[in-house]
Amino acid sequence: MTPYKNFLIQRVLPLDKNETRHLKWKANYYIILNGELFKRELTTPLLKCLNSQQADYVMKELHEGICGLHTWEHSFTTKVVNASYY
């Protein structure tokens with residue numbers, strides 16, 4: 001997350017030419033809203049980028065709490081996106 005935020009907010013680029021090219025290309029899929037990083041996709045709402053602590057909490061809630069068990073990757077992704085609406 002950090003390289004994308006640094007590039008989008010401060011235009012900081014890596015020293016390596018290949019990393020710079022890759023970052024510029026991938027940064028088109030991200031946006032900063034109210035200081036937070038979100039990923040844009042065509043068919044889904046904005047997806048909030050989480051740090052490792054936030055991701056651990058979400059995974060715990062999805063596995064043990066609000067969403068219960070999952071069987072397929074797609075259904076799990078759908079649960080994550082749908083859980084973000086509540």
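The exercises below work through the fold, sheet, salt bridges and core of a predicted model.

Residues are numbered from 1 along each chain as its sequence is written, and side-chain values use heavy atoms, with hydrogens and water left out. In this predicted model, local features need pLDDT of at least 70 and side-chain atom pairs count only at pLDDT 80 or more, while totals for chains, interfaces and linings use all residues.

**Exercise 1. Overall make-up**

Task: List the secondary-structure elements of the protein from the N terminus on.

Solution.
Step 1. Apply the DSSP rule: helices are runs of H or I with at least four residues, strands are runs of E with at least two, and both are numbered from the N terminus.
Step 2. Count the elements: the protein has four helices and three strands.
Step 3. Read off the order, which is α-α-β-β-β-α-α.
Step 4. Add the burial figure. Of the 86 residues, 15% are buried. Buried means under 20% relative accessible area, exposed means over 50%, and partly exposed lies in between (1.4 Å probe, protein chains only).
Step 5. Add the surface. About 7000 Å² is exposed, with carbon and sulfur atoms supplying 56% of it. These areas come from the Shrake-Rupley method with a 1.4 Å probe; for residues, only the protein chains shown count as cover.

**Exercise 2. The sheet**

Task: Work out the strand order of the sheet and the sense of its pairing.

Solution.
Step 1. Fix the rule: two strands pair if DSSP finds at least two bridges between them.
Step 2. Take strand 1 (residues 30-33). Four bridges join strand 1 to strand 2, and the two run antiparallel. Tyr30 stands opposite Lys39.
Step 3. Look at the link. Strands 1 and 2 form a hairpin with two residues between them. Asn34, in the turn, has a positive phi of about 50°.
Step 4. Move on to strand 3. Strand 2 pairs with strand 3 over two bridges, again in the antiparallel sense. Lys39 faces Leu47, and Phe38 has Lys48 as its bridge partner.
Step 5. Assemble the result: an open sheet of three strands, order 1-2-3, antiparallel. Strands 1 and 3 are at the edges with a single partner strand each, so one side of each is left without a neighbour in the sheet.

**Exercise 3. Salt bridges**

Task: Find how many salt bridges the model holds, and name the partners.

Solution.
Step 1. Set the cut-off: a side-chain nitrogen of Lys or Arg within 4 Å of a carboxyl oxygen of Asp or Glu.
Step 2. Count. The rule gives two salt bridges.
Step 3. Take Glu36 and Lys48, whose closest N and O atoms are 2.7 Å apart. Glu36 lies in strand 2 (residues 36-39) and Lys48 in strand 3 (residues 47-48), so this pair ties together parts twelve residues apart in sequence. Glu36 is partly exposed at 32% relative accessible area. Lys48 is partly exposed at 38%.
Step 4. Take Lys39 and Glu41, whose closest N and O atoms are 3.9 Å apart. Lys39 is partly exposed at 27%, and Glu41 is partly exposed at 38%.

**Exercise 4. Core and Thr20**

Task: Name the residues of the largest nonpolar core, then describe the setting of Thr20.

Solution.
Step 1. Define the core: buried Ala, Val, Leu, Ile, Met, Phe, Trp, Tyr and Cys residues joined through side-chain atoms within 4.5 Å.
Step 2. List the seven residues: Tyr4, Phe7, Leu23, Ala27, Tyr30, Leu37 and Cys49. Helix 1 (2-10) and helix 2 are the elements giving two or more residues to this core.
Step 3. Follow Phe7. Beyond its neighbours within four places in sequence, Phe7 is in contact (heavy atoms within 4.5 Å) with Val12, Leu13, Leu23, Lys24 and Ala27.
Step 4. Turn to Thr20, in helix 2 (residues 17-27). Thr20 counts as buried, at 13% relative accessibility. A polar atom of the Thr20 side chain lies 2.9 Å from the backbone oxygen of Asp16. With neighbours within four places left aside, Thr20 is in contact with Leu13 and Pro14.

Notes: A polar contact is a pair of N or O atoms within 3.5 Å; within protein, one must be able to donate a hydrogen and the other to accept it, and residues adjacent in sequence count only if both atoms are side-chain atoms.
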